[in-house]
Amino acid sequence: MVYAEEWLKMTGATDVSRTWFITFTGTTWMQEIVTLISSRGDPHVSQTTPNWTRAPWLEQYYCADLLKSSTSTPRVLTTHLPHDLLGPALQESKARIIYVSRNPKDVLVSFYHFHKMANFLPDAGSFPEFLHHFLEGTLHFGSWFDHIKGWTSQAAALNLLHVTYEEMSTDLHRTINKVSSFLQRPLLEHELNNCVKHCSFSCMKDNKMINYSLIPDEILDHSKGCFMRKGEIGDWRNMFTEEQNRYFDTAFKSKMQDCILKFVWEKPENEESELKD
Ligand SMILES: Nc1ncnc2c1ncn2[C@@H]1O[C@H](COP(=O)(O)OS(=O)(=O)O)[C@@H](OP(=O)(O)O)[C@H]1O
């Protein structure tokens, strides 16, 4: 807790009334959405400034310097820190927090592929090993279960909007509208439509300011995959065996028994996403 509070002081982010936080997972997508809401659908910033500059990661070493030299209002910070590290420091503040969640089977598969590319992370191991580590909470940033339960159970004490990856995927227009209302940045219809267009999977995949292709191979090995990989609900079905699915479900049931959140595990039927065409 000391770490996060000290870090916030260094960034000057204790004056968090003008700070928007984005956390976990659908993070990059939400960075693009927030950028485009701020620019009222004009893609200039999103196409000229890398996402790690416009919405820096609180836990990255460069964040404090970047924010000290930035005069932009509001400032946008991204973080994967758990609630018990960061939440208490934000409780008395007016910071707006957007918590993005995704069904954990898809999180796991997406993270597995990212892990294989990421040279700064430990070896991902085999998929069964990775699955085990995910369920045990021994991967980077700790337990997914504790993370989501920590943040969402404290939502009432925070100025927090919970958005799901699945709702972004099935109705991006509605979701962007909801986020823009929360941020008190209402958009005109044509501005909203521009946001939707530039936040589509295909646009973001082609935008080097958000698709991580600018990151050198020493950090992200692009020969091993692509950050903007599939962007689908239910891709876990292509990775999980039946036995792994049972193993996951058993652990999920036990770890989430005190949680009322419901998850969407499959892409809704008859709903071909127009956004990826
Ligand atoms: N516009 C859009 N539409 C659909 N899906 C999208 C979009 N932008 C990012 N993504 C997908 O988000 C996944 C990466 O998650 P995160 O951004 O949370 O990763 S990270 O925490 O920042 O490493 C990763 O998911 P997978 O494709 O399943 O691996 C990205 O493809």
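Glu 32 sits in helix α2 of this predicted model. With a relative accessibility of just 1%, Glu 32 falls under the 20% cut-off and so counts as buried. Its side chain has polar partners there. One is Arg 54, whose side chain makes a polar contact with that of Glu 32 at 2.7 Å. Another is Asn 207, with a side chain-to-side chain polar contact of 3.2 Å. Leaving aside residues up to four places away in sequence, Glu 32 touches Ser 46, Arg 54, His 198, Cys 199, Met 204, Asn 207 and Ile 210.

The helix that carries Glu 32 also packs against another one. Helix α2 spans residues 27-38 and meets helix α11, residues 172-182, at an angle of about 65 degrees, the two axes being 10 Å apart. As crossings go, this one is right-handed. On the α2 side, the contact is built from Trp 29, Met 30, Ile 33 and Ile 37, while α11 puts in Leu 172, Ile 176, Val 179 and Ser 180. Sorted by class, that makes seven nonpolar residues and one polar residue, with no charged ones in the α2–α11 contact.

Helix α11 has a second packing partner to look at, α12. Here the axes come within 9 Å and cross at roughly 115 degrees, and the crossing is again right-handed. From α11 come Leu 172, His 173, Ile 176 and Asn 177, and from α12 come Glu 189, Leu 192, Asn 193, Cys 195 and Val 196. This contact between α11 and α12 splits into five nonpolar, three polar and one charged residue. Leu 172 and Ile 176 of α11 thus turn up in the contact with α2 and in the one with α12.

Between α11 and α12, which covers residues 189-198, there is a loop, and Gln 184 belongs to it. The backbone of Gln 184 has a phi near 55 degrees, a positive value in a residue that is not glycine. At 54% relative accessible area, Gln 184 is exposed. Tyr 212 is another non-glycine residue with a positive phi, in this case about 65 degrees. Tyr 212 is found in the loop that links α13 (201-206) to α14. Unlike an exposed residue, Tyr 212 is buried, since its relative accessible area is 11%.

That leaves helix α7, which runs over residues 104-117. For its 14 residues, a rise of 1.5 Å per residue predicts a span of 20 Å, and the C-alpha atoms at its two ends are indeed 20 Å apart, so expectation and model agree. At the N-terminal end, Asn 103 acts as a cap for α7, with a side-chain oxygen 3.1 Å from the backbone nitrogen of Lys 105.

Most of α7 is tucked away: 11 of its 14 residues are buried, so the helix is largely enclosed by the rest of the structure. The buried set consists of Pro 104, Lys 105, Asp 106, Val 107, Leu 108, Val 109, Phe 111, Tyr 112, Phe 114, His 115 and Met 117. Lys 105, the residue whose backbone nitrogen faces the Asn 103 cap, is one of them. Among the elements that cover these buried residues are α8 (127-136), α9 (144-153) and α14 (242-255).

Definitions and conventions: Residues are numbered from 1 along each chain as its sequence is written. This is a predicted model: local features need pLDDT of at least 70, side-chain atom pairs count only at pLDDT 80 or more; totals for chains, interfaces and linings use all residues. Side-chain values use heavy atoms; hydrogens and water are left out. Axes are lines fitted to C-alpha atoms, for helices over the stretch in contact, and angles run from 0 to 180 degrees between N-to-C directions. Helices (H or I, at least four residues) and strands (E, at least two) are DSSP runs, numbered from the N terminus. A crossing is left-handed if the near helix is turned anticlockwise from the far one by less than a right angle, and right-handed if clockwise. Contact means heavy atoms within 4.5 Å. Ala, Val, Leu, Ile, Met, Phe, Trp, Tyr, Cys and Pro count as nonpolar, Asp, Glu, Lys and Arg as charged, and the others, Gly among them, as polar. The expected span of a helix is 1.5 Å times one less than its number of residues. Buried means under 20% relative accessible area, exposed over 50%, partly exposed in between (1.4 Å probe, protein chains only). A polar contact is a pair of N or O atoms within 3.5 Å; within protein, one must be able to donate a hydrogen and the other to accept it, and residues adjacent in sequence count only if both atoms are side-chain atoms.
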